[in-house]
Amino acid sequence: MKIDYAKELNEAQLEAVYNLEGPLLVIAGAGSGKTRTIVYRLAYLVEQGIWPENILLLTFTRKAAAEMLRRVEELLGRDVAGVGGGTFHSFAYAMLRKFASAVGLNQGFTVIDTSDAKDIIGQARASLHLDKDKGFPNKNTIYDLISRSRNKELALEDFLSANSYHLLKFLPELERIFNYYQNFKKEHFLLDYDDLLFTFESLLQEKAEIREFMQQMFKYVMVDEYQDTNLVQGRIIKLLVGEQGNVMAVGDDAQSIYGFRGATVENILNFPKLFPGTKIIKLEQNYRSTQPILELTNHILKQAREKYPKKLFSHKKSSVKPEIIYTTSDLSQAQVVVRKIEELARTYPYSEIAVLFRAGYQSFALEMELVKLGISFYKYGGQKFSEAAHIKDLVAFLRLVANPCDILAWTRALGNLKGVGPKTCQRLYQAFMEGNQEISKSLCAQKPELKEVLEKLENLRFKSLSPLSVLEEIMTIYGPIMEEKFVDDLPKRMAGVEQLMQIASTYDNLDVFLADLSLEPSLREEKSKDRLVLSTIHSAKGLEWSAVLILDLVEERFPSKLAMQDPKEIEEERRLLYVGCTRAREYLGLFVPATVYNRYQNSFDPASPSPFIREIIPSLVKSYKETYFGEIVPLEEEKKEEPKPRPEKNNFTATGNYCEHKIFGTGKVIAHIPPNKYKVNFPQFGLKLVLEDYLTFK
DNA sequence: GTCGGTGCCCTTTTT
DNA sequence: GGGCACCGAC
């Protein structure tokens with residue numbers, strides 16, 4: 001069956017599909033049929049007789065890659081399994097495994113995730129005796145600094161001066177920790193997420209024959225979500241494609257939301273310079289959302305400092321405007337949202353409804369409400385499946401079987417045993433590496449449990465069983481430990497173990513299983529059931545639903561208070577909201593609580609509507625508010641014209657507003673201390689008591 | 001060295 | 001409300 005491309009695609013899409021040779025940049029607005037274009041182009045390539053093996057498809061998640069291949073197969077009625085693809089990280093991992101000896105990793109290597117990396121940093125901090133110093137950042141902060149500076153490819157000093165000036169005084173200590181971290185990984189054959197990319201880059205750069213092999217192999221390269229690639233990813237593409245290569249990059253500068261990871265829109269802007277002769281195609285017709293939703297999203301974008309020359313248009317008429325719903329608190333918001341979901345569920349299946357939010361914790365109250373009512377859901381973003389303590393423990397045992405040189409696994413796994421702490425693990429590891437049986441024996445002398453476990457692991461190592469069998473064996477050790485360790489929520493955690501076993505059953509190589517677990521932690525159960533989706537906006541990228549509800553549109557939550565210091569970051573928050581809103585096909589609801597629960601003071605603190613909400617023209621939306629009886633009523637017209645008055649703790653209107661100080665910058669007024677002082681919270685300097693004369697109120 | 005208790009801090013987003 | 005660092009007891 002021949003595909004009638006001209007019938008299925010619009011003119012711009014068609015052009016992108018037919019342009020196979022040379023560099024191509026597709027600027028695709030939200031909902032403009034980007035995925036469709038890639039799918040048809042892939043199909044067209046295969047139809048032209050290109051081997052699937054010669055095509056490389058780099059996407060943001062492996063799920064996205066799999067989905068595209070599934071659709072191509074549907075289209076062609078033919079197997080295209082040979083198409084290489086996945087995330088940059090998983091692709092880099094696969095290639096490094098293949099050419100391990102070329103980069104001196106022939107004894108194998110382990111991919112470590114964020115928490116492993118933080119453990120190493122914690123170790124460095126302790127062993128360099130830097131943990132005694134008051135005010136010295138903790139391991140999370142240090143990890144963040146290191147990872148961010150590496151992603152942006154800045155020296156630690158430059159990064160600190162630009163982003164964390166107050167930590168500059170610790171520069172020498174932080175550099176020592178960084179060196180410790182780098183050396184530790186080298187010694188133990190560990191690669192973190194950033195190393196995967198940098199090591200892969202140097203492989204391509206230094207080994208001409210391998211580079212040429214890959215250039216021959218991957219004759220056609222397609223990269224999705226190009227706006228979210230960082231510098232090293234951009235260089236990898238260049239190396240992979242060579243001078244005259246056939247590469248298509250697809251992206252949308254207005255949807256760039258990974259700046260914190262060093263992603264840079266410059267990559268899109270520079271693409272034509274990097275690849276001379278680039279053909280640029282713009283996709284501007286939106287096939288996803290109704291016109292009223294688009295009018296709102298276009299408006300959100302129009303307020304951006306940086307201008308995106310975009311005018312998305314749609315032929316999907318509708319009289320339903322997006323809604324803004326003001327609730328009395330973030331806790332009542334959860335109830336209002338649940339009722340809205342039930343109302344929507346009369347029109348749409350649950351799987352067509354999504355609740356989106358800025359950060360993982362923002363859905364906790366909602367999750368509790370949903371559990372109460374027995375509405376099941378999938379949650380994406382926030383803490384990962386593979387980051388749960390019991391899964392990490394299990395994985396540590398598996399790693400110990402796969403690679404006994406993995407020191408992190410020794411401590412994590414064996415630390416679970418009675419009477420075994422960090423020091424014992426350290427010694428066991430050393431004894432093992434030196435092949436010193438005597439020490440191991442004496443360490444096991446008073447600990448029969450330890451001896452048994454070590455023997456079991458030793459046996460497993462030589463049996464080369466399937467990942468699932470190893471996991472089952474490990475559970476004979478870890479099962480009893482788990483029962484003791486997690487008494488209150490054992491059933492839930494056991495379900496996690498079941499899930500891990502199910503995932504394991506699809507692998508036959510333990511190394512690959514373990515790497516995938518840290519590279520693609522969202523390998524969850526198939527999305528087959530009709531379930532509601534809760535997701536961070538970051539994890540919702542590239543997806544769409546009929547109805548989308550967005551929570552907590554208040555200052556300090558969306559935009560995040562951590563973004564408030566930097567105009568650039570606020571702009572990224574705006575694009576984030578844009579991404580969230582453009583996920584919606586027919587219904588869009590924005591929720592604005594008037595107060596947010598403060599768990600640490602057990603109080604409800606007043607919250608101001610997000611600046612992004614305040615700038616919305618009333619005519620674009622329909623506004624509602626929650627009454628004190630929990631009913632939802634339309635907001636009166638007269639109230640709509642003026643911004644909603646903020647709940648105040650005292651009568652003075654400056655409280656809750658922002659003010660400017662010559663030295664401290666912008667801060668939030670916490671309280672008025674009569675007659676002429678103010679308590680102000682400055683993001684960089686903390687709480688200050690300041691005389692009125694020194695402040696300019698906004 | 002290990003374990004258990006207490007007090008403190010911070011709570012973004014992802015590979 | 002939980003994870004982490006610290007401290008004193010075995």
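Is lysine 34 buried or exposed? Lysine 34 counts as buried, because its relative accessibility is 17%, where buried means under 20% relative accessible area, exposed over 50%, and partly exposed in between (1.4 Å probe, protein chains only).

A quick word on ground rules. This is a predicted model, in which local features need pLDDT of at least 70 and side-chain atom pairs count only at pLDDT 80 or more, while totals for chains, interfaces and linings use all residues. Residues are numbered from 1 along each chain as its sequence is written, chains are lettered from A and ligands numbered from 1 in the order in which they are written, and side-chain values use heavy atoms, with hydrogens and water left out.

**Salt bridges**

Side chains of opposite charge can pair when their charged atoms come close. Here a salt bridge is a side-chain nitrogen of Lys or Arg within 4 Å of a carboxyl oxygen of Asp or Glu, and the count comes to 41 salt bridges. Three of interest:

| Basic partner | Acidic partner | N to O distance |
|---|---|---|
| lysine 34 | aspartate 224 | 3.5 Å |
| lysine 541 | glutamate 225 | 3.3 Å |
| arginine 288 | glutamate 544 | 3.2 Å |

Take lysine 34 and aspartate 224, which meet in a salt bridge. This pair links distant parts of the chain, 190 residues apart: lysine 34 sits in helix 3 (residues 34-47), and aspartate 224 in the loop between strand 6 (220-223) and helix 12 (231-241). Helices (H or I, at least four residues) and strands (E, at least two) are DSSP runs, numbered from the N terminus. Aspartate 224 is at 6% relative accessibility, so it counts as buried too.

Next up, lysine 541 and glutamate 225 pair at 3.3 Å. Lysine 541 is in the loop between strand 14 (532-536) and strand 15 (545-550), and glutamate 225 is in the loop between strand 6 and helix 12, so the bridge ties together parts 316 residues apart in sequence. Lysine 541 counts as buried at 12%, and glutamate 225 does at 8%.

As for arginine 288 and glutamate 544, they pair at 3.2 Å. Arginine 288 lies in the loop between strand 9 (285-286) and helix 14 (291-302), with glutamate 544 in the loop between strand 14 and strand 15, 256 residues apart. Arginine 288 is buried at 8% relative accessibility, whereas glutamate 544 is partly exposed at 34%. Through shared partners, salt bridges join Lys34, Asp224, Glu225, Asp228 and Lys541 into one network.

**Asparagine 246**

Asparagine 246 is in strand 7 (residues 246-251) and counts as buried at 12% relative accessibility. Its side chain reaches the backbone nitrogen of glycine 22 at 2.8 Å. Not counting residues up to four places away in sequence, asparagine 246 touches several residues, including Leu20, Lys219 and Val241 (contact means heavy atoms within 4.5 Å).

**DNA strand B**

Around DNA strand B there are 28 residues, the closest being Arg148, Arg358, Gly419, Gly421 and Thr424; a residue is near a strand if one of its heavy atoms lies within 4 Å of it. Helix 19 (residues 422-434) gives the largest share of this surface, four residues. Of the strand's atoms within 4 Å of the protein, 56% belong to sugar or phosphate and the rest to bases.

A polar side-chain atom of threonine 424 lies 2.3 Å from a phosphate oxygen of the strand, and a backbone N or O atom of proline 422 lies 3.4 Å from a phosphate oxygen.

Conventions: A polar contact is a pair of N or O atoms within 3.5 Å; within protein, one must be able to donate a hydrogen and the other to accept it, and residues adjacent in sequence count only if both atoms are side-chain atoms.
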